[in-house]
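Visitor: I'm new to this one, and I'd like a close look at just one thing. Please walk me through the charged side chains that pair up.

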Amino acid sequence: MVEAGATSPATQAVLALFGISAAALALYMATLLYRVVSSITKSASVAREVKGKGSAKSAAAPAAAAAASQQGGPKQGGGARKADLKTLIKQSKAAEKIAATKEDMAAHHALFINTLKGHPDVINAAAWSPNGRLLATACDDMQLRLFDVAELGSQNIKFKWVQAPQAALGVGFGNDGSSLVAALRGIPDVVHLVHYVPHKQGGAVTFEPAWQKQAVLGHEQLLEMAVVPGPQSEALGVPQAGGIAVLLSPKKEGRVFGLAAGGSLAEFKPNSFHNHALAVSANGRFICVASFTADVMVWEVQWGRDGYKGTPKVMDLKGHKSQVMSAAFAPDGSKAVTASKDGTMRIWNLAVRYQLQEDPKVLLNLPLPLPSGQCFDRMAWGPDGTIAAAVGGFIHFIDSRSGKVLEALATS
């Protein structure tokens, strides 16, 4: 017989289960309410941000228009003279001051022209065609892209693409200016060299391999590739001179290949613990390597009336106190620039009688315009004498005659 006021075990279990269910329902309702409030708050924040960006862009537009007006706008009939680099840099300052974001800063900079979009993965290399009309890019998505940049300011820049069997690590133009030479990543990490030539099929253009070479650096990976289309007969005075592709590995030797058939022409050995960068003169005559050593070796690709003769070491750029991180040649090959971890940047005169063991002369010895411990890891020498030197997300424009830094441009 059950005493009055007592509760059976079954009833207690039912009551406990009911209590747990009620607590779970309350927690669920509280969580749902929190999500709704958070969503409303986030939407309001996004709306305020969009409105703020719109106001910033509206404020920047008149300044950008004023800068364009000061430049003289598009070229009018009569051939208005284009502003030089120093003028463009000066005119960009006002637009930079009112830019709200890094993207706005790039878009309103006087040197900014356009953005080439469409790459879904890492871009490993880029190269200009000899006439400057085409830009080729090598991407990790196993495609080469060929942009027609005859009108670089156009909003609808067209491009052709070349499907490769592996990721493209390097790219350059063949001797006809429209074919492509590509370095592809093989398995395991060897490098294949392929020459793609265009073929017209009806109204479409496709690219097919004319020749390909396997494991061109042996079992070594690729650090950098430079392609110089030929012929360079006018520059070298040799009718048989042709284009070359120069490839460098991170730790061992580099190799030179002829573009006519992809044949191996030479090997050159920096004899360094680690290589940092490759530089090849625009006429394909000189090659140098920035490496772990303080001295920079210079090789010459030599041609004779019967064709290729050899690639001997002809000069040493001596004077740095620490490893050299980057180098570049002047467009005519008469000068070179090197940047070292010793905190200096040197400009060299290569127009010497090296056949008589005459050493290159140092024209300028400049302190690097960088914080201590930093060094330029890429450099390029422009036709107007301006050196573009990159480190991290910045490009420094340096006058090769005076050593003056014209500007430091943020790229990211």
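**The salt bridges**

Guide: Start with R285 and E300, which form a salt bridge whose closest N and O atoms are 2.8 Å apart. The term covers a side-chain nitrogen of Lys or Arg within 4 Å of a carboxyl oxygen of Asp or Glu. Keep in mind that this is a predicted model, where local features need pLDDT of at least 70 and side-chain atom pairs count only at pLDDT 80 or more, while totals for chains, interfaces and linings use all residues. Residues are numbered from 1 along each chain as its sequence is written, and side-chain values use heavy atoms, with hydrogens and water left out.

Now see where the two partners sit. R285 is in the loop between strand 13 (275-280) and strand 14 (286-291), and E300 is in strand 15 (residues 296-300), so this bridge ties together parts 15 residues apart in sequence. A strand here is a DSSP run of E, at least two residues long, numbered from the N terminus. How covered are they? R285 is partly exposed, with a relative accessible area of 27%, whereas E300 counts as buried at 8%. Those words have fixed limits: buried is under 20% relative accessible area, exposed is over 50%, and partly exposed lies in between (1.4 Å probe, protein chains only).

Next, slide back along the chain to R255 and E267, whose side chains also meet in a salt bridge, at 3.5 Å from N to O. This pair links distant parts of the chain too: R255 belongs to strand 11 (residues 254-258) and E267 to strand 12 (residues 264-268), 12 residues apart. Again the arginine and the glutamate can be read one by one: R255 counts as buried because its relative accessibility is 18%, while E267 is partly exposed because its relative accessible area is 44%. There's a third member to spot here, since E253, R255 and E267 are linked in a network of salt bridges.

For another example, find D141 and R145, where the side chains meet in a salt bridge of 2.9 Å, N to O. Buried or exposed? Both D141 and R145 are buried.

So what's behind all this pairing? Side chains of opposite charge can pair when their charged atoms come close. How many salt bridges does the rule give? The count comes to 11, and the ones you've just visited include R285 with E300 and R255 with E267.

Note on methods
Helix = DSSP H or I, 4+ residues; strand = E, 2+ residues; numbered from the N terminus.
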